Amino acid sequence: MSHYLEFFKQFRTTFETTGAIAPSSRFLASDMAGPMRQHDGSKKVLEIGPGTGAVTRQIVKQIRPGDQLDLVELNDKFVEILHKRFDREQGFREIKDQTSIHNCPLQEYGAGEEYDYIVSGLPLNNFPTDLVGEIFESYFRLLKPGGVLSYFEYMYVRPVRKVISRGEENQRIRQIDDIMRHYTSLYRIQTDWVWFNLPPAWVQHLQKEKGSPTLVEQTASEELKS
């Protein structure tokens, strides 16, 4: 309960980067961690925006000896909570030596190796357009060829915003929609519908193909051709 209360407090004070009134449900968390369940051999996992650790709890169950888990969280209070969970809670504590928590924006995170799985809880629909583009570039920069990115967004939020918003806000939402459609049209392998969450959500699973271009690289190539 203390995690829920702290999450709501952060929602009130840092809505743009928190983006929800409560942590993800166990049903949403389970779907987010789903792709890594069938993995053979050791794996590297990156969770972005873990918050108080609702999805992390499901990821922790999939970490085996030889695996590596990295967490990137911008909110200082959430980082404090995550450290306490890895110090005190049994499932978390068992893999503490295989886990690193990084208190920084994703764009500033410089990993030495690429990841087999990236799980993101960032509230992308709240961000400026340029930042959403940078985040997707970072996702695919950090993902191994054949690796899977899993992220969620709340059902129908963006479509409704496209209809009811006006001016610069409408333009922002439409540009974010274009960025997401670019990546999902090229790389989406599955969409999960999660009704038992507040609010209900879609989980998108995207798989990076070997040699696949990012949006920036593709745009630059098209400009050269023209």
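Which side chain does E89 meet in a salt bridge, and at what N to O distance? Hold that thought for a moment while I set things up.

What you're looking at is a predicted model, where local features need pLDDT of at least 70, side-chain atom pairs count only at pLDDT 80 or more, and totals for chains, interfaces and linings use all residues. Residues are numbered from 1 along each chain as its sequence is written, and side-chain values use heavy atoms, with hydrogens and water left out.

Okay, back to E89. Its partner is R57, at 3.4 Å from N to O. By salt bridge I mean a side-chain nitrogen of Lys or Arg within 4 Å of a carboxyl oxygen of Asp or Glu. E89 sits in the loop between α5 (76–88) and α6 (90–94), while R57 is in helix α4 (residues 54–60), so this pair ties together parts that are 32 residues apart in sequence. Helices here are DSSP runs of H or I with at least four residues, strands are E runs of at least two, and the numbering starts at the N terminus.

E89 also has a salt bridge with R85, at 2.8 Å from N to O. How much of R85 is accessible, in relative terms? R85 has 7%, which makes it buried, whereas E89 is partly exposed at 24% and so is R57 at 42%. The cut-offs, with a 1.4 Å probe and protein chains only: buried is under 20% relative accessible area, exposed is over 50%, and partly exposed is in between.

Over in helix α5, K77 pairs with E80, with the closest N and O atoms 3.5 Å apart. Those two are three residues apart, so about one helical turn separates them. Overall, the count comes to 12 salt bridges.

Now, the sheet. It's an open one with seven strands, in the order β3-β2-β1-β4-β5-β7-β6, and the pairing is mixed. β3 (99–102) and β6 are at the edges with a single partner strand each, so one side of each has no neighbour in the sheet. For pairing, DSSP has to find at least two bridges between the strands.

Here are two examples. β1 (residues 44–48) and β2 (residues 68–72) run parallel, with five bridges, and K44 has Q68 as its bridge partner in β2. β6 (residues 188–194) and β7 (residues 201–207) are antiparallel, with six bridges. There, R188 is bridged to L206 in β7, and a hairpin of six residues takes you from β6 to β7.
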